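Hello,

Here is the structure I promised to pass on. Please open it alongside this email, and I will walk you through what turned up.

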Amino acid sequence: MNDSHFRLPNLPASFGMLLIFGCSCIFHSCQPFEEDLPTVVVEGWIEADRGPVVLVTRSASLSAGSAVAGRDLVLPMAKVTLSDGQETVTLIGGLDNRFVPGYAYTTSRMNGVCGRTYTLRVDVGQQTLTATTTIPLDRPVLDTLYAQPAAGSDGMLLHATFSDPIVSGNRYLFYTQIYPKEKRLFPCPQALFADDLNSLADSNAVVLFRGIHRLSNNGELYTPVYQPGDSVIVAVAGVDDESYRIQRAISETTTTSYNPLFSSTTNLPTNINGGTGYWMGLSMSRYYYVIPDFPAKY
């Protein structure tokens, strides 16, 4: 292992940040205008050892060149409850500028547990939406994480290797966050793997482009590379099969669209009964890495 490769410890849990796995505008824009389409969009997740986060918005039909303000999509009066089969808790809504739109429901009374199944219920007026997800039993582990210069760019790309248990059927998602410039984790383009579907190399090597989002905090356009000195949180999550299928569709939509927020007209898959969106359980590990200056030799 040379100087640019090293084995990483897990990031301490106290350093963890809540994350978002997609923009609700994707679900809004992917709905062609029909009177009988669901009007409530739910985006939610529960991570092992952390509380749930749920975004509840209304869908919107967008024509070319149109725009919708996020605050006009928020549904702040929903009743959101969560059950683990033994206990049911009510989530509290409040402003949260880490997300788009900037309003989320959460609770400190229930944290995720690996291997446990969680049922979400959202009541909005006369509408009731439900969804169920399971947090995988095992947490994925990164073996190495290292940076290399990106071809044709003055930036760097992250590379990782990870361990995949012998048993098949595992699904993995990767996310990054440049801390503290970015307020949340963003999904890495095309860094989704299913060990019985993808042709994973023996080393399970992954190229981690910077987590995708439309604009950075200072208004600059998204770029897929990192700069020397960037402090990067890298997260790898195990998810169930249905969550993987939904997140892969979102990834393909955002990375193939000219405008990743508004250009798709294809309906996305959903596991929300009575609405659209997703509810996802995550068995996640986080790591911290500082992008080095360009080394003379790799």
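**The nonpolar core**

In this predicted model, the largest nonpolar core is made of 25 residues, and V54, V56, V80, L82, V122 and W279 have the most contacts inside it. At least two core residues come from each of these strands: β2 (40-47), β3 (52-58), β4 (79-83), β5 (88-95), β6 (103-106), β7 (117-124) and β8 (127-134). β7 gives the largest share, with four residues.

V122 is a good place to start looking. Setting aside residues up to four places away in sequence, V122 touches V42, V56, A78, K79, V80, Q127, T128 and L129.

**The chain as a whole**

Zooming out, the protein chain has 15 strands and two helices. Of its 298 residues, 52% are buried. Among contacts with a separation of 6 or more, 69% join residues 24 or more positions apart. The accessible surface of the chain is about 13900 Å², and carbon and sulfur atoms account for 52% of that surface.

**A loop residue to look at**

One more stop: P76, which sits in the loop between β3 and β4. Is P76 buried or exposed? Neither, in fact: P76 counts as partly exposed because its relative accessibility is 39%, and that class lies between the limits of 20% and 50%. Beyond its neighbours within four places in sequence, P76 is in contact with Y103 and Y105. P76 and Y103 are 27 residues apart along the sequence, and their C-alpha atoms are 7.5 Å apart in space.

Enjoy exploring!

Best wishes

Terms used. Residues are numbered from 1 along each chain as its sequence is written. This is a predicted model: local features need pLDDT of at least 70, side-chain atom pairs count only at pLDDT 80 or more; totals for chains, interfaces and linings use all residues. Side-chain values use heavy atoms; hydrogens and water are left out. A nonpolar core is a set of buried Ala, Val, Leu, Ile, Met, Phe, Trp, Tyr and Cys residues joined through side-chain atoms within 4.5 Å. Buried means under 20% relative accessible area, exposed over 50%, partly exposed in between (1.4 Å probe, protein chains only). Contact means heavy atoms within 4.5 Å. Accessible areas come from the Shrake-Rupley method with a 1.4 Å probe; for residues, only the protein chains shown count as cover.
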